[in-house]
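Reader: Hello! I would like a close look at a single part of this structure and at what surrounds it, please. Kindly explain each term as you reach it.

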Amino acid sequence: RAAALPKEAPPRDADADAALALALGGFDDPRLPLVLDLGCGFGTSLLSLSRPAGPVGAGLVPPRCNLLGCDSSALKTAFATGTASRWGTAATARFASASAERCLAAAASSSTSRLAGVLVQFPTPYRAPGGGNAQLPTREEGYMLPPSLLAEIAAALRDSGGWLLFQSNVEDVAVEARAAAERA
């Protein structure tokens, strides 16, 4: 049986900002369009996109782009960074331990690349109103995709003409996130 990862404290703002600056400054060609994966975990989605045989032909992800994954877990982003290095894709696939909000702000303020898209995949579902699993966050507190973050994503993508890919295996979360994104 696999052991659970230890619970980590979120990165301090200064550490997150330094990690983001290092990641954004580490691309071989910083002028390429940028795709973010907010809450990337071990980076599997971005790592698969970084491979030459990845699903770039579908038209969603530009064939040549920079990929930045952010997660609050330094252990997970270190794993993803190591994998990108071993696979030889670290020139275009970078990872940083930072909140989604800090990652989005750093990418939006980058003057060298256009934000092509944002991935938000399988966020922890929230607790049903009036009860539900007490271990889950409420919509208002602790949920990975609060309305304020969706509004920031929408504003950044409106400015750049980019896209948002949201996935959830919980239908209520997916339906509500889509409605919130369309309102934003």
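Author: With pleasure, and let me begin with the vocabulary: helices (H or I, at least four residues) and strands (E, at least two) are DSSP runs, numbered from the N terminus. In that sense Ser97 belongs to strand β3, while Asn66 sits in strand β2, which covers residues 66-71. This is a predicted model, in which local features need pLDDT of at least 70 and side-chain atom pairs count only at pLDDT 80 or more, whereas totals for chains, interfaces and linings use all residues. Residues are numbered from 1 along each chain as its sequence is written, and side-chain values use heavy atoms, with hydrogens and water left out.

A word on confidence comes next. The pLDDT is the predictor's confidence in each residue, from 0 to 100. The protein chain has a mean of 82, and 78% of its residues reach 70 or more. Confidence is highest in β3, at 95, and lowest in helix α6 (residues 171-183), at a mean of 77.

I suggest we look closely at β2, starting from the fold around it. The protein chain contains six helices and five strands, which follow one another from the N terminus as α-β-α-β-α-β-α-β-α-β-α. Five strands form an open sheet in the order β3-β2-β1-β4-β5, with parallel pairing. The edges are taken by β3 (93-97) and β5 (163-167); each has a single partner strand, so one side of each lacks a neighbour in the sheet. On average, neighbouring strands of this sheet are turned by 15° against each other, direction ignored. Helix α4 (residues 100-109) packs on the sheet, where it touches β1 (34-38), β2 and β4 (115-121), and its direction makes about 170° with that of β1. Such angles run from 0 to 180 degrees between N-to-C directions, and the axes are lines fitted to C-alpha atoms, for helices over the stretch in contact.

Now for the partners of β2. Two strands pair if DSSP finds at least two bridges between them. Five bridges link β2 to β3 in the parallel sense, and Cys70 has Ala96 in β3 as its bridge partner. β1 and β2 also run parallel and are joined by five bridges; here Asp37 stands opposite Gly69 of β2.

How buried or exposed is β2? Buried means under 20% relative accessible area, exposed over 50%, and partly exposed in between (1.4 Å probe, protein chains only). Six of the six residues of β2 are buried. Asn66, Leu68 and Cys70 on one side are buried, and so are Leu67, Gly69 and Asp71 on the other, so that both faces are covered. For the protein chain of 184 residues, the buried share is 40%.

Asn66 deserves a closer look. Asn66 counts as buried because its relative accessible area is 1%. A polar contact is a pair of N or O atoms within 3.5 Å; within protein, one must be able to donate a hydrogen and the other to accept it, and residues adjacent in sequence count only if both atoms are side-chain atoms. A polar atom of the Asn66 side chain lies 2.9 Å from the backbone oxygen of Asp29. Contact means heavy atoms within 4.5 Å. Beyond neighbours within four places in sequence, the contacts of Asn66 include Phe27, Asp29, Pro30, Leu34 and Val35, together with Ala91 and Thr92.

At the other end of β2, we come back to Ser97. This residue is in contact with Asp71, and also with Ser72, Ser73, Ala74 and Thr77, as well as Pro11, Ala16 and Ala19, again leaving aside neighbours within four places in sequence. The Ser97 side chain reaches the backbone oxygen of Ser72 at 3.4 Å. With a relative accessible area of 12%, Ser97 is buried.

Helix α3 offers a contrasting view. Thr81 is found in α3 and counts as partly exposed because its relative accessibility is 39%. The C-alpha atoms of Thr81 and Ala93 are 8.1 Å apart, although twelve residues separate them along the chain.

On a wider view, residues 24 or more positions apart account for 78% of the protein chain's contacts with a separation of 6 or more.
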